[in-house]
Amino acid sequence: MKTIKLILVLSIVVIAVAFTSKSVSEGYKIGDTIENFTLKNIDDEIISLEDYEDVKGYIIIFTCNTCPYSVANEDRIIALNSKYENQGFPVIAINPNDPKASKGDGFSEMKVRAEEKGFNFPYLLDEGQEVYPKFGATKTPHVYIISKNTMQVEYIGAIDNSSRDEDAVTEKYVENAVDALLAGQKPAKTETRAIGCSIKVM
């Protein structure tokens, strides 16, 4: 009887792990074509990728108010938009957290944080958490670089190689990828490991 119970428990665990692995592995991969999305910005305007007519691509960053890793990267995200928006690669930040599961990540708090830090990019709420699973994002921050002409994913991962300390950065993954795309080339490094907080769900 104990053996049967043990087998049953192990079977449930295996099924659960398989389901979890599938969920994590789903989402866009390098070379995949992404779907358009429409989300509300902190200025209460609705933002769609189709609104960006004269761009070469997008730097889409899943981030939030509360994760220490996201907070440590805020100045870097601002700098990315300052450097690349006028070159055709604007930053679009998306908060994927369920505010019920992550206190401090509600829409009103997003407005406050953006004002405090002087965000120079759209900061969208993934209300209903429908967008981030399509991308396969698992962390905050988690970056996806998209080419506009093909709507294909060119890079997935971290902003650079120092998740918490900007002064320790020796390799700027996103900048290198965007610079390559602007030069008409493919990024030399297309994937890195995103380091941050797990996305919060109810």
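**Exercise 1. Place Asn41 in the fold and decide whether this residue is buried or exposed.**

Step 1. Asn41 belongs to strand S1, which covers residues 38-41. Keep in mind that you are looking at a predicted model.

Step 2. The relative accessible area of Asn41 is 7%. The cut-off for buried is under 20%, so Asn41 counts as buried.

Step 3. Now look for its contacts, leaving aside neighbours within four places in sequence. Asn41 then touches Ile47, Phe107, Pro122, Tyr123 and Leu124.

**Exercise 2. Do the same for Ser48, and find the residue whose side chain makes a polar contact with the Ser48 side chain.**

Step 1. Ser48 sits in strand S2, residues 46-48.

Step 2. With a relative accessible area of 7%, Ser48 is buried.

Step 3. Beyond four places in sequence, Ser48 is in contact with Asn36, Phe37 and Thr38. The side chain of Asn36 is the polar partner, at 2.9 Å.

**Exercise 3. Work out the strand order of the open sheet, and explain why S2 and S8 each have one side without a neighbour.**

Step 1. Trace the 7 strands across the sheet: the order is S2-S1-S5-S4-S3-S7-S8, with mixed pairing.

Step 2. S2 and S8 (152-157) are at the edges and have a single partner strand each, so one side of each has no neighbour in the sheet.

Step 3. From one strand to the next, the twist averages 35°.

Step 4. Zoom in on one pair. S7 (residues 142-147) and S8 are antiparallel, joined over 5 bridges. Here Ile145 is found opposite Tyr155 of S8.

**Exercise 4. Find the helix that lies across S1, S4 and S5, and give its angle to S5.**

Step 1. The helix is H3, residues 107-117, which crosses S1, S4 (91-95) and S5 (123-125).

Step 2. H3 runs at about 170° to S5.

**Exercise 5. Describe the largest nonpolar core and say which element gives the largest share.**

Step 1. In soluble globular proteins, nonpolar side chains tend to be buried together.

Step 2. The largest such core here has 27 residues, and Ile59, Val143, Ile145 and Val174 have the most contacts inside it.

Step 3. At least two core residues come from each of S3 (57-62), H2 (68-84), S4, H3, S5, S7 and H5 (173-182). H5 gives the largest share, 5 residues.

Step 4. Take Val174 as an example: beyond four places in sequence, its contacts are Ile59, Leu80, Val143, Ile145, Tyr155, Ala158 and Ile159.

Step 5. There is also a second, separate core of 24 residues, with Phe37, Leu49, Ala137 and Tyr144 among them.

Methods. Residues are numbered from 1 along each chain as its sequence is written. This is a predicted model: local features need pLDDT of at least 70, side-chain atom pairs count only at pLDDT 80 or more; totals for chains, interfaces and linings use all residues. Side-chain values use heavy atoms; hydrogens and water are left out. Helices (H or I, at least four residues) and strands (E, at least two) are DSSP runs, numbered from the N terminus. Buried means under 20% relative accessible area, exposed over 50%, partly exposed in between (1.4 Å probe, protein chains only). A polar contact is a pair of N or O atoms within 3.5 Å; within protein, one must be able to donate a hydrogen and the other to accept it, and residues adjacent in sequence count only if both atoms are side-chain atoms. Contact means heavy atoms within 4.5 Å. Two strands pair if DSSP finds at least two bridges between them. Axes are lines fitted to C-alpha atoms, for helices over the stretch in contact, and angles run from 0 to 180 degrees between N-to-C directions. A nonpolar core is a set of buried Ala, Val, Leu, Ile, Met, Phe, Trp, Tyr and Cys residues joined through side-chain atoms within 4.5 Å.
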